[in-house]
Amino acid sequence: MFAVLSVDGTPMGLLSDDVAESITLQFDTDSAPTHRCRACGEELAETLDGYESTSGDSACADFEPTTETDPDYGEGPHDPERIPLSWCNSAAVHTDESEDSVTVSISVGDPRGAFTFTVRRVPDDAEGDLAGRLIMHTPYAGEPMPHAALTVLHEGTHVVGTYAPTRSLHSVPPAA
């Protein structure tokens, strides 16, 4: 069996049987900022007094007042927004020929663990109707030792982390 690693659709080369069976993408979640200012684009750090840029400025040079009581242009606070993927510690794909399986792992909080999704083939010579079939294992609400709490929105879709809905959610579309 051989594999070709591709990055953004570009083949990076042939991987031989001597190469490890997993590929991991690590994110710097310890020192990387998690927010940026919507107005000026500066990366922000959260402080006790709000958000400030990496240079220590709490005033945004591109601040625009929205009401008459707001300060003048360039004199207001930063408007923080989360940086995309700042919630992700890592993402990995692991193949295991001895288990005839592929596992995708995504770490979203505690870097010591991850949500894992595994597809494996039941051996052809196994007893029962599942012989030769593919089986998918996914995280589920209430599982022991979860990576993070899960709340079911509808079958196959969960909210990650602690969540108590304040109203009924009927308009959340299933994943494509």
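The following dialogue asks how some labels in this predicted model are justified.

Student: What makes arginine 38 and glutamate 81 a salt bridge?

Tutor: The cut-off is a side-chain nitrogen of Lys or Arg within 4 Å of a carboxyl oxygen of Asp or Glu, and the side chains of arginine 38 and glutamate 81 meet at 3.7 Å, N to O, so the pair counts as a salt bridge. Because arginine 38 lies in the loop between β4 (35–37) and β5 while glutamate 81 belongs to strand β7, the pair ties together parts that are 43 residues apart in sequence. Salt bridges that share partners also join Arg38, Asp79 and Glu81 into one network.

Student: Why is glutamate 81 called partly exposed?

Tutor: Buried would require under 20% relative accessible area and exposed over 50%; glutamate 81 has 27%, and therefore falls in between.

Student: Why is aspartate 124 called exposed, and how do you know that its contact with arginine 121 is a salt bridge?

Tutor: The relative accessible area of aspartate 124 is 58%, and exposed means over 50%, so the label follows. Its side chain meets that of arginine 121 at 3.0 Å, N to O, which satisfies the requirement of being within 4 Å. Arginine 121 forms a salt bridge with aspartate 100 as well, with the closest N and O atoms 2.6 Å apart.

Student: Why are β6 and β7 called edge strands?

Tutor: The open sheet has the order β6-β5-β4-β7, with antiparallel pairing, and β6 (50–53) and β7 (80–82) are its edge strands, since each pairs on one side only.

Student: How do you know that β5 and β6 pair?

Tutor: Pairing needs at least two bridges, and β5 (residues 43–47) and β6 share four in the antiparallel sense, so the condition is met.

Key. Residues are numbered from 1 along each chain as its sequence is written. This is a predicted model: local features need pLDDT of at least 70, side-chain atom pairs count only at pLDDT 80 or more; totals for chains, interfaces and linings use all residues. Side-chain values use heavy atoms; hydrogens and water are left out. Helices (H or I, at least four residues) and strands (E, at least two) are DSSP runs, numbered from the N terminus. Buried means under 20% relative accessible area, exposed over 50%, partly exposed in between (1.4 Å probe, protein chains only).
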